[in-house]
Amino acid sequence: MDISYSPEEIAFREEVRTFVEENLPEATRKHMLDGKHPTADMIRHWQKCLNAKGWAVPHWPKEWGGKGWSAMRLYILREEMEKAPAPSLLAFNTDMCGPILIAFGNEEQKTRFLPRMANLDDWWCQGFSEPGAGSDLANLRCTAVRDGDRYIVNGQKAWTTKAQYADWIFMLVRTDSKASKPQQGISFLLIDMKSPGVTVRPTITIDSFHEVNEVFFDDVQVPIENLVGQENHGWDCAKLLLSNERTGHAKIGPSKERLRTLRERACTIEKGGRPLIEDYDFLVRLVDLEVQLKALEMTTMRVLAEDKVDITKRKPNPASSVLKIRGSEIHQAISALYVEAAGPQGLALPVEATSNFESWLLEAHPNYYNMRKLSIYGGSNEIQKTIIAKQFLEL
Ligand SMILES: Cc1cc2nc3c(=O)[nH]c(=O)nc-3n(C[C@H](O)[C@H](O)[C@H](O)COP(=O)(O)OP(=O)(O)OC[C@H]3O[C@@H](n4cnc5c(N)ncnc54)[C@H](O)[C@@H]3O)c2cc1C
């Protein structure tokens, strides 16, 4: 199997690099380099910019703005964006709900929603998890009861990322509580966040950041044309969506960028009167992570070399579980090494006392805490290990 880049792929990488250099606002790049979360406006601006270039949804079918690219070409595009570093596209639009509408939606839903999703005219969020329904998602209890030409939705969603910006939410709801298996009574519903009865309440995480929310539904009326696929068959949508979600979690681009900048920064900060990079223990850990990341990159390329982009395919590649586990472990280890590099300066408070410090020092700790999420969302790493045990090892 050939896992080197072809001349076309090398040329494409250069094209992407040039595009990013010319179009990514410097303020956004600097903000991201400091390890900060991109703002909603930064994400919107960048997605619109990419969509105008035809690069927001190249993995969608051509009739909906896709390009028919290989998995490798898509990987190169995303890796160069991440290395820049540029804000990620809004995955809820491009990699989650979009592909579900393409696979299961009717023509009216596709025409109405897909172009606006690609251009981030509508911001979508994901309403799957509930208290008591995370790993055991089929246990969800939020109900949608049919009442003439509408559903009445009641219940609660938890951990809803960026719901505070969202125009729409795609939801798993229980439409049949008497089905013989819990997976059989679930439907996939699209809800306008402006509907009366929808309440968003922030959940502030350990890094003091407002990224996730609880969303409450009290007698929310939803037109039946917002049902995707057949009633009580929403689990098919959920399975496809979760497999598409997992594939994007290897985080090779961001890890590369974080390691590269850490190496540079370790040359300029001191430990015991010498540049940190000359500290043997630190250097060993840095190089160890660089090697682990290289190995993960080679594994990813091996998987991609065999893979075609088909966002509507129903059978997930279990290799995505391996990539997700290793990618999240490496990225978390990098965030721990940043904390070590920042040393006591990373803990300095209050803000007045730290105003002369470089921003990345102050972001090291919050970032470390924030990155704990990587081994939880998109199916926790323990759940991924069960998938590997069953599907690869046939245990
Ligand atoms: C930052 C963040 C953002 C999120 N964003 C969203 C979002 O936008 N939309 C959304 O719907 N959800 C979102 N989630 C929710 C996420 O999908 C769930 O947190 C995840 O599925 C785990 O569910 P849980 O939190 O209920 O933990 P639980 O399922 O209760 O798991 C607790 C622990 O038990 C382990 N465990 C559970 N079952 C098993 C098992 N069978 N075998 C072995 N170990 C097991 C888990 O691995 C975990 O370590 C987000 C979560 C986080 C942290």
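**Exercise 1.** How do the residues of the shell around the ligand divide into nonpolar, polar and charged?

*Solution.* The model is predicted: local features need pLDDT of at least 70 and side-chain atom pairs count only at pLDDT 80 or more, while totals for chains, interfaces and linings use all residues. Residues are numbered from 1 along each chain as its sequence is written, and side-chain values use heavy atoms, with hydrogens and water left out.

Step 1. Set the classes: Ala, Val, Leu, Ile, Met, Phe, Trp, Tyr, Cys and Pro are nonpolar, Asp, Glu, Lys and Arg are charged, and the others, Gly among them, are polar.

Step 2. Take the residues with a heavy atom within 4 Å of the ligand. There are 16 of them, and Ser135, Trp159, Thr161, Ser380 and Glu382 come nearest.

Step 3. The shell holds seven nonpolar, seven polar and two charged residues.

**Exercise 2.** Find polar contacts of the ligand (pairs of N or O atoms within 3.5 Å) and the share of its surface that the protein buries.

*Solution.*

Step 1. On the oxygen side, a side-chain N or O atom of Ser135 is 2.6 Å from an oxygen atom of the ligand. A polar side-chain atom of Ser380 is likewise 2.6 Å from a ligand oxygen atom.

Step 2. For a nitrogen atom of the ligand, the partner is a backbone N or O atom of Gln126, at 2.8 Å.

Step 3. The ligand alone exposes 960 Å² (Shrake-Rupley method, 1.4 Å probe), and the protein buries 64% of that.

**Exercise 3.** Place the ligand relative to the domains.

*Solution.*

Step 1. An automatic or database domain assignment gives the bounds: domain 1 (7-89), domain 2 (124-232) and domain 3 (248-391).

Step 2. The ligand lies between domain 2 and domain 3, because both give residues to its shell.

Step 3. For domain 1 and domain 3, the C-alpha centres are 20 Å apart. Between these two domains, 18 residues of domain 1 are in contact (heavy atoms within 4.5 Å) with 21 residues of domain 3.

**Exercise 4.** Count the disulfides, taken as pairs of cysteine sulfur atoms within 2.5 Å.

*Solution.*

Step 1. The count is zero.

Step 2. Cys237 is in no disulfide, and the nearest cysteine sulfur, that of Cys97, is 9.2 Å away.

Methods
A polar contact is a pair of N or O atoms within 3.5 Å; within protein, one must be able to donate a hydrogen and the other to accept it, and residues adjacent in sequence count only if both atoms are side-chain atoms.
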